[in-house]
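Q: Please take a close look at a single part of this structure and set it in its wider context. A connected account would be preferred to a list.

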Amino acid sequence: MTRHIERQIGNLKEKIQRVGTIVEEAISKSISAVINRDVQLAQRVLANDEAIDRMEVEVEEECLKILALYQPVAADLRFVVAVLKINNDLERMGDLAKNIAKRVAQLEGAGPIELPPEIRTMAMQAEEMVRECLAAVIDGDPVLARRIREQDDVVDAARQKVRKRILAGIQEHPENVEALLRVNSITKHIERIADMATNVAEDVIYMVEGDIVRHRPDD
Amino acid sequence: MSIPPSADPSAQGPPVGGSPDRLAVVAAGGQVPAEVHERVRQTPAVLEIDRFNLWYGVKQALHEITMPIPYGKVTALVGPSGCGKSTLLRSVNRLNDLVPSVRISGEMRLNGDPIYDKRMDVIELRKRMGMVFQRPNPFPMSIYENVVYALRIDGESRRAVLDEVCEKSLRGAALWDEAKDRLGESALGLSGGQQQRLCIARAIAAEPEVLLLDEPCSALDPIATGKIEDLVQELRGRYSVLMVTHNMQQASRSSDYTAFMYLGRLIEYGPTTDIFTKPVLRETEAYVTGRFG
């Protein structure tokens with residue numbers, strides 16, 4: 001016989017997986033919209049944000065219910081607490097995808113701006129991190145989680161390169177300043193998404209091993 | 001999305017350090033080394049249990065128990081029924097001496113004095129430890145006389161001393177406000193929860209070196225239980241408490257250290273916060289989360 005709390009935790013796991021899926025999709029679409037300058041796709045991302053918000057609230061309510069009714073301890077407690085935080089991070093990732101999508105819409109009509117090639121690399125890396133952090137959550141995989149933390153540096157480095165290119169671009173074509181600032185803001189959002197994936201990875205390490213590794217880059 | 005299908009939620013993160021299955025080894029009659037956290041070893045001990053074994057006839061009920069009981073702290077013994085936690089508690093003040101078939105080996109020391117030494121006077125030993133049982137057992141006399149009982153049998157008759165100890169003990173047991181106007185009334189007229197606090201007052205009146213609590217709340221309703229748990233919190237620091245409990249939440253709320261026992265063995269023993277948030281052994285994890293036991 002499965003215990004009640006195990007069923008609740010199983011449901012919670014399915015729910016957070018659903019939030020993860022929909023957020024991952026939003027990120028992937030928003031990045032694709034940037035690269036292909038696809039405004040329609042960007043609009044779809046914007047329209048879907050409300051669903052993410054709704055699901056986030058649902059997951060939070062579920063966590064609070066389990067805490068109040070079952071008073072979980074040890075692995076159960078760590079799972080519920082980690083999900084509470086991961087849920088929050090996923091929702092913020094969803095917001096970042098929305099922000100990216102907004103910029104795509106704003107870029108329309110800005111004329112042909114060449115996107116720095118590193119954006120693509122950076123975006124792919126960030127997407128990979130998001131995919132992997134969700135897999136780490138579902139599998140409770142601290143090895144994968146640690147790998148994700150390392151990847152964040154790659155994204156940060158790419159972001160610096162993109163920034164330099166944008167600054168150079170502004171100096172070369174001051175008339176494009178507004179559009180280029182929007183591109184800059186898109187890369188900033190992508191970088192933040194990678195940061196959030198790193199947070200999620202750190203929560204997975206806590207969930208599995210019970211150690212809080214945040215602010216301890218070497219662990 | 002490329003996430004693999006959801007794994008069994010119960011497979012969520014076994015903590016590191018668990019051998020294949022200590023509990024299965026124990027169930028097969030084997031011995032496993034106890035996981036005693038460093039922080040327990042570092043705390044000064046009021047009571048030391050050292051390679052203690054106990055048999056009821058041919059059946060061994062305790063196996064090689066070695067554990068220090070920290071001074072001035074609350075230590076909870078948890079484990080499924082039959083794990084030996086009550087037997088261990090009763091061995092501390094030699095209540096098991098009263099069971100004819102009991103045989104022991106190993107040592108226990110109370111503040112350095114060997115409890116099972118031939119020269120140890122058992123009555124004196126029990127005066128140094130207070131014990132509170134599952135069911136409140138007030139003596140059929142007044143509240144006042146219950147509290148000062150230990151002093152009376154020690155020959156204390158000065159009213160001022162008795163009054164002072166009575167008030168101090170009842171205050172210590174969080175019963176003073178409820179009992180101060182009825183000290184002369186029979187203790188049997190108190191509610192179950194009040195009777196249990198009276199028993200704690202009676203135990204602490206003798207200024208024991210260790211207070212032994214054997215499932216002190218198992219016969220009480222939730223409100224009375226809450227009061228006893230609050231009281232145990234209050235006692236921490238002033239008394240060294242060793243408590244047996246079936247109630248996990250009680251252990252997690254009331255104790256500083258928790259020892260998990262299984263089939264007469266000590267399995268894991270550490271600070272309560274660690275045992276209930278990140279135990280070292282997955283066997284302990286399985287027990288505290290209710291997946292086993």
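A: Chain A has a radius of gyration of 19 Å, in agreement with the value near 17 Å that a compact globule of 219 residues would have. This description rests on a predicted model, for which the scores are ipTM 0.72 and pTM 0.81. Along its principal axes, the C-alpha trace of chain A extends over about 65 × 40 × 20 Å. The secondary structure of this chain consists of six helices and zero strands, and its pattern along the sequence is accordingly α-α-α-α-α-α. Among the 219 residues of chain A, 47% count as buried. Of the contacts in chain A with a separation of 6 or more, 81% join residues 24 or more positions apart.

The part chosen for a close look lies in chain B, and it is strand S8, residues 210–214. For chain B the mean pLDDT is 90, with 93% of the residues at 70 or more. Residues 1–19 of chain B require caution, as pLDDT stays under 50 there; the model nevertheless has 45 contacts beyond four places in sequence for this stretch.

Strand S8 of chain B belongs to an open sheet of seven strands, in which the order is S1-S11-S10-S4-S9-S8-S7 and the pairing is mixed. The edges of this sheet are formed by strand S1 (35–36) and strand S7 (129–132) of chain B, each of which pairs on one side only. In general, strands of a sheet pair through backbone hydrogen bonds, in either a parallel or an antiparallel sense.

Which strands flank S8(B) in the order of the sheet? They are S9 and S7 of chain B. With S7(B), strand S8(B) pairs in the parallel sense over four bridges, and here B:Val210 of S8(B) stands opposite B:Met129. With strand S9 (residues 240–244) of chain B, the pairing is again parallel and extends over five bridges. In this second pairing, B:Leu213 has B:Met243 of S9(B) as its bridge partner. Helix H9 (residues 192–205) of chain B packs on the sheet and touches both S7 and S8 of chain B. The direction of H9(B) makes about 170° with that of S7(B).

Strand S8(B) is also linked to S9(B) along the chain. Together with helix H10 (residues 222–235) of chain B, the two strands make a β-α-β unit, and the unit is right-handed.

Is S8(B) mostly covered or mostly open? It is mostly covered, five of its five residues being buried. The side chains divide between two directions: B:Val210, B:Leu212 and B:Asp214 point one way from the strand, whereas B:Leu211 and B:Leu213 point the other way. Burial holds for both groups, B:Asp214 included.

Elsewhere in the seven-stranded sheet, a backbone feature deserves mention. Most residues other than glycine have a negative phi. B:Leu263, although not a glycine, has a positive phi of about 45°. This residue is placed in the loop between strand S10 (257–262) and strand S11 (265–271) of chain B. B:Leu263 counts as partly exposed because it has 18 C-beta neighbours inside 10 Å.

Chain B also contains an open sheet of four strands, with the order S3-S2-S5-S6 and antiparallel pairing. Strand S3 (59–70) and strand S6 (113–114) of chain B stand at its edges; each has a single partner strand, so one side of each lacks a neighbour in the sheet. Strand S2 (residues 45–56) of chain B pairs with S3(B) in the antiparallel sense over eight bridges, and B:Ala45 stands opposite B:Pro70 in S3(B). Strand S2 of chain B also holds B:Arg51, another residue other than glycine with a positive phi, near 45°. B:Arg51 counts as exposed because it has 11 C-beta neighbours inside 10 Å.

Helix H3 (residues 85–92) of chain B is likewise mostly covered, with eight of its eight residues buried. The buried residues of H3(B) include B:Lys85 and B:Arg90 as well as B:Leu88, B:Leu89 and B:Val92. After H3(B) comes B:Arg94, whose phi is positive, near 60°.

To return to the chosen part, S8(B) is a strand with five of its five residues buried, paired in the parallel sense with S7(B) and with S9(B), and touched by helix H9(B).

Definitions and conventions:
Residues are numbered from 1 along each chain as its sequence is written. Chains are lettered from A and ligands numbered from 1 in the order in which they are written. This is a predicted model: local features need pLDDT of at least 70, side-chain atom pairs count only at pLDDT 80 or more; totals for chains, interfaces and linings use all residues. Two strands pair if DSSP finds at least two bridges between them. Two residues are in contact if their C-beta atoms, placed from the backbone, lie within 7 Å. Axes are lines fitted to C-alpha atoms, for helices over the stretch in contact, and angles run from 0 to 180 degrees between N-to-C directions. A residue is buried if 20 or more other C-beta atoms lie within 10 Å of its own, exposed if 12 or fewer, and partly exposed in between; C-beta atoms are placed from the backbone. A crossover is right-handed if, with the strands pointing away from the viewer, the path from the first strand over the helix to the second runs clockwise. The radius of gyration is taken over C-alpha atoms; the globule rule is 2.2 Å times the number of residues to the power 0.38. pLDDT is the predictor's confidence in each residue, from 0 to 100.
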